[in-house]
Amino acid sequence: MTNNPLSIFSLIKSYKKEYISGDLSAGFATGVLLIPQGMAYAVIAGLPVQYGLYASLMAPLLYFLFGSSKKLIIGPAALDSMLLASGLLGLGILTTSPNYVNTILVVVFLSGIFQVIAGYLRLGFIANFFSAPLLKGFTTAAALLIAFSQLKNIFRISPEPSKYLHQEILSYVSQMSSIHWVSAAIGIGTVVIISLLKKTKFSKLGTPIIVILGIVMSLSFDFEALGIAVVGTIPSGLPTFILPDFTAVVYTDVIPLALVVAIIGFTVSNSIIKSIDDPKQPIDPNREFVALGLANSIGALFGGYQASSSFSRTAINASSGANTRASNLVSTLMIALVLLFFTDIFYYLPKPILGAIIIAATPSLLSFDYFKKYYQVKKREFFVMLITFLTTMEFGVIVGLLTGVSVSMAVFMYHTLYPHIAILGKIEGTKIHRNVLRFATAKEREGTMIVRIDAPLYFSNIKYVMETINRWASERDDLHTVVIKAESINYIDVTALNELELQIDKFNDQNIKVYFATVVGPVRDLLFKMNIVQKLGGRQLFANLYDVMQFLDDKENYSFRNKQIANQSVE
């Protein structure tokens, strides 16, 4: 990654006339969608709708200047909005607090700074720490919470905010008698209509069509007079530079939230980039980290809140013919026109329709099919997904995410502490050796135990490995040879080397010979440097298991050509 994050000049140099039509059409398509989504996602975050428009204006513009993906569209996203709302609720800062907006802008600014720093420190690999089961469980729960959070706009009720889902559900139930049924009918009807439009050729225009119809109906039938909540006044004009009050927040509270938001925003955007960009021209994740960070940190100084990408907008951008990220600039211009000339029209947009737009967008985040898939394929991965899902649902997205990471690490540690080890036997009529527990025709050699270790050896797992081999050896009265098939041992630390040396001494005292097959070069070098090969009796490393068997069958006539290859070492 170059030190200069400004990538617009390289885009200008390589831009071609034939790109214009595709970028214009794609930018228009995503801009039309971004206008209502920006307002709707601001509602999820507990912000006035203009902050969603400010984010929709600044983020695409800044990504146009600093980004590198040709197809990615940056702007407010449902998951980020939910993270911010849930995070501030966890800190006891309610949407009615006079410091709520300022705190969000500070969190977003810090999140952007963290993303920039992470990019320059080349920490793009952080996204790899979030396993697929964790992300599937987390996003599924977050999608349901996002939809649930909009029921108050659909039914026009005011439940008591709570950190716990069951308490919020009880609050909703207690207010059932206060439901505004006209608002409910509009909201539910909108969800149904958008869902139906998704199955037609108008799927890309479903949301804009609903917004236009909603505004027209609101004006025609005076929804406000009927008690239907509308968006209300949106300040006209472009956002101006406003420095958040950095002295009005508790940094020990907001920094952890900013870190979580920064990592999740990047992880989602990075996964989208991988799915839509040309694999022949891979994107540098560290540059993307910086671009996203600049979009957020600078955007926050103009009233924009957290921005990342969304699957729906990016998919529409790609399918509408986007050739470069100039489509982001087209979206920016559309938002600017709305802020300058059309905010008065959006005054009349019914809030039940905004809530319905959000609910209708959540199915793309649901991954219930994976619950069954992971249960059938890997129970431990299913366990990670389920725990992440349940804790996110009950305790919120921050606690759920941290719990998911903890459970994922626990599962990883379990695999590290207790790696797979197998006793191999020769399959009758072949030269192939396989796990005797998986192949009924695999027979062990008399007096010989062949052990395959399927993991690197560390201080954390070497005791378990040696104890297992010792237990198996103690069950064999005729044992005189142990062969370790070692191609999966791609790393071994000093603690493991010491334990291995002690084990070889123990076998030597019992007159049990030890041989190694298929040892990889870096591990082989360490075996020589630690004098373990000498303890084995000399050159007792073999290129493959078949060579070991040949040597044991006929030591006198065995060809040492392969053995010399197997014992090669770099000093």
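**Figure 1. Phe342 and its neighbour Phe341, two rings at the surface.** Phe342 is partly exposed, with a relative accessible area of 39%. This is a predicted model, so keep that in mind for every view here. Phe341 counts as exposed, because its relative accessibility is 58% and the cut-off for exposed is over 50%.

**Figure 2. Tyr51 and Tyr54, two rings on one helix.** How do you describe a pair of aromatic rings? You give the distance of the centres and the angle of the planes. The model has 21 aromatic pairs. In one of them, the ring centres of Tyr51 and Tyr54 are 5.8 Å apart and the planes meet at 75°, so this pair is edge-to-face, the label for angles over 60 degrees. Both residues belong to helix 3, which runs over residues 49–66, and they sit 3 residues apart, about one turn of the helix. Are these two tyrosines buried or exposed? Tyr51 has a relative accessible area of 18%, so it is buried. Tyr54 is buried as well, at 11%. Back at the pair from Figure 1, Phe341 and Phe342 are also edge-to-face, with 6.5 Å from centre to centre and 75° between the planes.

**Figure 3. A cluster of rings, and lysines over ring faces.** Which residues join up through ring pairs here? Phe368, Phe371, Tyr375, Phe382 and Phe389 make up the cluster. Take a closer look at Tyr375: Lys379 lies over the face of this ring, 4.5 Å from its centre. You can spot a similar arrangement at Tyr370, where Lys136 lies over the face at 4.3 Å from the ring centre.

**Figure 4. Inside the largest nonpolar core.** This core holds 116 residues. Which of them have the most contacts inside it? They are Met39, Ile264, Tyr305, Phe346 and Leu349. Helix 3 supplies the largest share of the core, with 11 residues. Now zoom in on Ile264: leaving out residues up to four places away in sequence, Ile264 touches Leu79, Leu83, Phe130, Phe138 and Leu401.

**Figure 5. A second core, and the two domains.** Separate from the largest core is a second one, made of 34 residues. Among its members are Met449, Leu497, Ile512 and Leu536. Step back a little and you can find the domains: the domain assignment gives domain 1 as 8–365 and domain 2 as 418–567. How far apart are the C-alpha centres of domain 1 and domain 2? They lie 56 Å apart.

Definitions and conventions
Residues numbered from 1 in each chain as written. Predicted model: local features only at pLDDT ≥ 70, side-chain atom pairs only at ≥ 80, totals over all residues. Heavy atoms only, no water. Phe/Tyr/Trp six-rings, centres within 6.5 Å; stacked < 30°, edge-to-face > 60°. Helix = DSSP H or I, 4+ residues; strand = E, 2+ residues; numbered from the N terminus. Buried < 20%, exposed > 50% of the residue type's maximum accessible area, 1.4 Å probe, protein only. Lys NZ or Arg CZ within 6 Å of the ring centre and 35° of its normal. Core = buried A, V, L, I, M, F, W, Y, C linked by side-chain atoms within 4.5 Å. Contact = heavy atoms within 4.5 Å. Domains from an automatic or database assignment.
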